[in-house]
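Colleague: I'd like a close look at one part of this model rather than a quick tour of everything. Could you pick a sheet and go through it strand by strand, but begin with what counts as near a molecule?

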Amino acid sequence: MWMMLPWLLDGIWMWILSSLVGIVGFVVYTLVSSSGSDFSDNSIDAFIIQEGSKSKKENVDQSMDNRHLRSYGTEGKQVLILYGTEYGFSEEVATVLFDKISSIVQSDDVGPLQPRLVNCKLYECVELSREQICFVVISTSGDGVPPTDARGFYDNLMSCDEELSHLRFSVLALGDSNYPHFCKTGRDVNTRLSKRRADPVVGCQDVDVEDWAVINCWMDSVVEYLKSCDLCVCMDYLQITADQSSEGHDRHNPFMAVLQVKDLLTDAQQCNDDKEVVHCEFNISGSHMTWTSGDALGIYPENNPDHVSAILDTLTWRETEMFPVPNGAYHPHNDTASIRTLLLKYYDIKTIKPELLQTLQTVVTNTNQRETLSRLLQAGTGKSNKALQEYVAVREVRDVLQEYKPAVLSPRQLLPCLKPLQPRYYSISSSPLKASTAVCVTVAVLRYKTLSVGREGVTTSHLLDRTQVGQSSPVFMSRNPDFRLPDKHTTPVILIGPGTGIAPFRAFIQERELSPDKGEIHLYFGCRHKSGDFLYKEELEKYSRDGLICLRVAFSRDQARKVYVQDLLREDRAKVWDLVTKRNGHLYVCGDARHMAKDVHQGLTDIVQSCGQLERLEANEYLRQLEIQGRYQKDVWVT
Ligand SMILES: Cc1cc2nc3c(=O)[nH]c(=O)nc-3n(C[C@H](O)[C@H](O)[C@H](O)COP(=O)(O)O)c2cc1C
């Protein structure tokens, strides 16, 4: 059932054309806009299949806002591009591929290539047995799982054995090498398609974070292949329009939620520490949005206006001039905006794309500057260019533009060099049972220095420093079906979440507080000090006094020897072992993936090894089995 929910929420309209049932099958129609470099004709992520052999074009709905229309105006050689995304990057990449394929002129020139851009969530509309060629752009999410919307497609692909020897394909696997299961989903898809005898015409390519040099290289190979390959003009298809009038709120169509509570949970003076964590509560009444404890809230930030002004200082621009809003993460109300608004709301002004340096190279007149730029770029624009990586890691767009002054860019030169501003995701820290229209998040404010300049996290500083109670922010729900309380309320749970890892556990605790049957909750929380950064201290201590939770807190910096949650778990090894093995207890870990989740896993392995008297490998296998059974769940992230 959960798989149907995003369909509805995402504004998918399923029209079963009863008159066609039995003759041409069913028609599924949808619209979701996609991200891309501009908002021209590039963003359909739906497609229609018809059973039967006759080709047919049909206009599903002409009346809608067709800004995102992809008109399949001609019968062509069908090329399927499937994307599976959690946070939008695969969609952005797939859209670029779509544009590239659209412009290919083939050597035989017998009819144009007809790319179709399809979100994996519409997998039921995709029949690989009918396709000639398919390119899959897919990320890995969670702890090595497919993006939520792509699970149906993934499961279907894995469970079906039908041979696909007629199908040519290639996979672009997006991921992040900081995670243990690097690019797992894309690799799995590649392996499975090969096993089903499909032909990998371009090798599967892993992509570490947003390495456009690698992505472009793969796309070049795809384009080269398509230029001269033989494809038939065939396939049935319908012309599809994109609907802007969808009521469901999602990443493309966020809800403007009023911030109704904002509390700083930390006290710098008490603990002599500059860490700031803020509790925010958004009012979503009227949105029809719902969530389940364990889900996350997507929030679109605004950039710091001072940083925007610093960029404007380096440009030639006029306040009255209007520019297109990028077809990035969400639909703006207007198609155009001033450069100030664009830099404030729609473009990422922290991340430096190599294109910015390449563009500067074309305008700088100072010889030293030109040489510096060409040295930086001479080893390419990919991740393997360490000098470039180091340069961009410590700078933001305003620094680069200031550095190369008096070189001046126009907005038309600058904007194509920037990424669209993406939403950030925060685990929801309240249960809908407590208040179904008040969504809470618990946000650690990011502040640091590079090149002696103060830096800040875009969303976290926007929430703490620049959003007042009563103001609205664009928000939407992000499902996390792998992080759920057990179905039976009486099952004991062990929650391990230091810092803001407490967020989803606050929701879990509220959930059990309001349920008739209350299974045991063992909470392992960690913070630096007893005073000052013990998040939700009063609340948790009250739950503990009332017997709802068994609270164990690791204060890492209150004594000479550092103490962490995994140390407390080791102290409680007999209890943990008993809960898991004798009482069917479920383990949950939330927070930092790079260190904490690994250390906790190590701690749990030690416990299983010693209490179960197992070898190391057997202990690891035991935990792996728990994961497979959904009894060891993680909601972890890399910052
Ligand atoms: C919460 C979270 C979990 C992730 N888990 C993995 C993972 O297990 N393996 C991996 O290779 N990448 C992982 N990634 C990295 C994403 O795959 C990568 O950022 C990708 O570019 C996202 O593409 P998308 O926006 O299309 O989902 C994770 C990212 C996040 C935010």
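Modeller: Sure. A residue is near a molecule if its C-beta atom, placed from the backbone, lies within 6 Å of it. Keep in mind that this is a predicted model. With that cut-off there are 22 residues around the ligand, and Y87, F89, S90, S139 and G175 come nearest. Helix α2 (89-102) and strand β4 (168-175) each supply at least two residues of that shell. By class, the shell has eight nonpolar, ten polar and four charged residues.

Now for the sheet. I'll take the antiparallel one, an open sheet of six strands in the order β14-β9-β18-β7-β8-β15. At its edges are β14 (424-427) and β15 (438-445), and each of these pairs on one side only. Ignoring direction, neighbouring strands are turned by 40° against each other on average.

Let's walk inwards from the β15 edge. Strand β8 (residues 276-283) pairs with β15 in the antiparallel sense, over eight bridges. If you want a spot to click on, E281 stands opposite C440 in β15. On to the next pair: β8 and β7 are antiparallel too, with six bridges between them, and here L264 stands opposite V278 in β8. Then comes β7 (residues 255-264) with β18 (residues 472-478), an antiparallel pair joined by four bridges. A257 has S473 in β18 as its bridge partner.

A helix belongs in this picture as well. Helix α14 (residues 458-466) lies across β8, β9 (296-299), β14 and β15, and runs at about 110° to β15.

To place these numbers in the chain, look at the domain assignment: it gives domain 1 (73-236), domain 2 (255-299 + 423-478), domain 3 (305-419) and domain 4 (493-637). Domain 2 is thus written as two segments. The centres of domain 2 and domain 3, taken over C-alpha atoms, are 28 Å apart. Five residues from domain 2 and four residues from domain 3 make the contact. On the domain 2 side, four of them are nonpolar, one is polar and none is charged.

For contrast, it's worth putting the parallel sheet next to this one on your screen. There, five strands form an open sheet in the order β21-β20-β19-β22-β23, and the pairing is parallel. Its edge strands, β21 (549-555) and β23 (632-637), have a single partner strand each, so one side of each has no neighbour in the sheet. In this sheet the average turn between neighbouring strands is 10°, direction ignored. Strand β20 (residues 521-527) pairs with β21 over seven bridges, in the parallel sense, and L523 has L551 in β21 as its bridge partner. Helix α15 (residues 503-513) packs on this sheet, where it touches β19 (493-496), β20, β21, β22 (586-592) and β23; the helix direction makes about 150° with that of β20.

Methods
Residues are numbered from 1 along each chain as its sequence is written. This is a predicted model: local features need pLDDT of at least 70, side-chain atom pairs count only at pLDDT 80 or more; totals for chains, interfaces and linings use all residues. Two strands pair if DSSP finds at least two bridges between them. Axes are lines fitted to C-alpha atoms, for helices over the stretch in contact, and angles run from 0 to 180 degrees between N-to-C directions. Two residues are in contact if their C-beta atoms, placed from the backbone, lie within 7 Å. Domain bounds come from an automatic or database domain assignment. Ala, Val, Leu, Ile, Met, Phe, Trp, Tyr, Cys and Pro count as nonpolar, Asp, Glu, Lys and Arg as charged, and the others, Gly among them, as polar.
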